[in-house]
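Biologist: Can you walk me through this one? I'm new to it, so start with the surface.

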Amino acid sequence: MRRIISLLLENEAGALSRVAGLFSARGYNIESLTVAPTEDPSLSRMTIVTHGSDEIIEQITKQLNKLIDVVKLQDLTEGAHIEREMLLIKVRAVDADREELMRLTDIFRGSIIDVTGQTFTIELTGTGEKLDAFIQAVDNELILETVRSGVTGIARGEKCLRV
């Protein structure tokens with residue numbers, strides 16, 4: 001089962017390494033990992049996407065909670081949540097392909113953020129499924145490069161991950 005674990009941790013050297021090491025040492029896979037400082041510069045928010053049974057996820061959360069750097073943890077998939085990913089995709093855009101790529105970008109509510117005589121760089125945000133659908137809709141021959149941010153998420157409503 002796919003799980004999204006969000007945690008607040010101390011914003012200091014080695015914290016990310018200790019979390020990644022926990023997964024590695026136990027043979028758990030991290031499908032996606034995003035981390036950035038929060039509004040409090042002493043804390044970072046980390047979002048981890050992983051797969052596992054309820055027992056494995058419970059073990060992961062218990063082990064994460066034992067780490068000294070982890071301040072608070074929340075399994076976002078236990079309740080209503082919003083998740084997003086960002087895609088930057090550079091495509092070959094010449095002649096008739098330019099118009100088709102602009103139309104496709106509009107349909108998926110993306111933005112063309114860089115234009116050259118031969119290429120477009122397109123920015124798209126949404127769920128992983130939306131980004132996958134966009135990539136499949138673009139002719140594979142036109143794709144030069146793709147970069148994805150990984151999942152970031154937040155609980156819906158009043159539920160917050162705060163200290």
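Modeller: The accessible surface of the chain comes to about 9400 Å². Carbon and sulfur atoms hold 49% of that surface. Keep in mind that this is a predicted model.

Biologist: And how much of the chain is buried?

Modeller: Of its 163 residues, 37% count as buried.

Biologist: What box do the C-alpha atoms fill?

Modeller: Roughly 55 × 35 × 35 Å, taken along the principal axes.

Biologist: Now the fold. How many helices and strands are there?

Modeller: Four helices and nine strands. Along the sequence the pattern reads β-α-β-β-α-β-β-α-β-β-α-β-β.

Biologist: What share of the contacts links residues 24 or more positions apart?

Modeller: They make up 73% of the contacts in the chain with a separation of 6 or more.

Biologist: Let's talk sheets. In what order do β1 to β4 sit?

Modeller: The order is β2-β3-β1-β4, in an open sheet with antiparallel pairing. β2 (30-37) and β4 (70-75) are the edge strands. Each has a single partner strand, so one side of each lacks a neighbour in the sheet. On average, neighbouring strands are turned by 15 degrees against each other, direction ignored.

Biologist: Does anything sit on that sheet, and if so, what does helix α1 touch?

Modeller: Helix α1, residues 15-25, packs on the sheet. It touches β1, β2 and β3 (43-51). The direction of α1 makes about 15 degrees with that of β3.

Biologist: Back to pairing. How many bridges join β1 to β4?

Modeller: Five, and the two strands run antiparallel. β1 covers residues 2-10. Leu-8 stands opposite Lys-72 in β4.

Biologist: What about β2 and β3? How many bridges there?

Modeller: Seven, again in the antiparallel sense. β2 and β3 form a hairpin, with five residues between them. One pair to look at is Leu-33 and its bridge partner in β3, Ile-48.

Biologist: Which residues share a nonpolar surface patch with Leu-33?

Modeller: Leu-16 and Val-35. The three together have about 210 Å² of accessible area.

Biologist: Where does Val-35 lie?

Modeller: In strand β2.

Biologist: Why does Val-35 count as partly exposed?

Modeller: Its relative accessibility is 40%. Buried means under 20% and exposed means over 50%, so Val-35 falls in between.

Biologist: One general thing. What do strands of a sheet pair through?

Modeller: Backbone hydrogen bonds, in either a parallel or an antiparallel way.

Terms used
Residues are numbered from 1 along each chain as its sequence is written. This is a predicted model: local features need pLDDT of at least 70, side-chain atom pairs count only at pLDDT 80 or more; totals for chains, interfaces and linings use all residues. Side-chain values use heavy atoms; hydrogens and water are left out. Two strands pair if DSSP finds at least two bridges between them. Axes are lines fitted to C-alpha atoms, for helices over the stretch in contact, and angles run from 0 to 180 degrees between N-to-C directions. Contact means heavy atoms within 4.5 Å. Patches are made of residues with over 30% relative accessible area and no salt bridge: like charges are joined within 9 Å, nonpolar side chains (Val, Leu, Ile, Met, Phe, Trp, Tyr) within 5 Å. Accessible areas come from the Shrake-Rupley method with a 1.4 Å probe; for residues, only the protein chains shown count as cover. A salt bridge is a side-chain nitrogen of Lys or Arg within 4 Å of a carboxyl oxygen of Asp or Glu. Buried means under 20% relative accessible area, exposed over 50%, partly exposed in between (1.4 Å probe, protein chains only).
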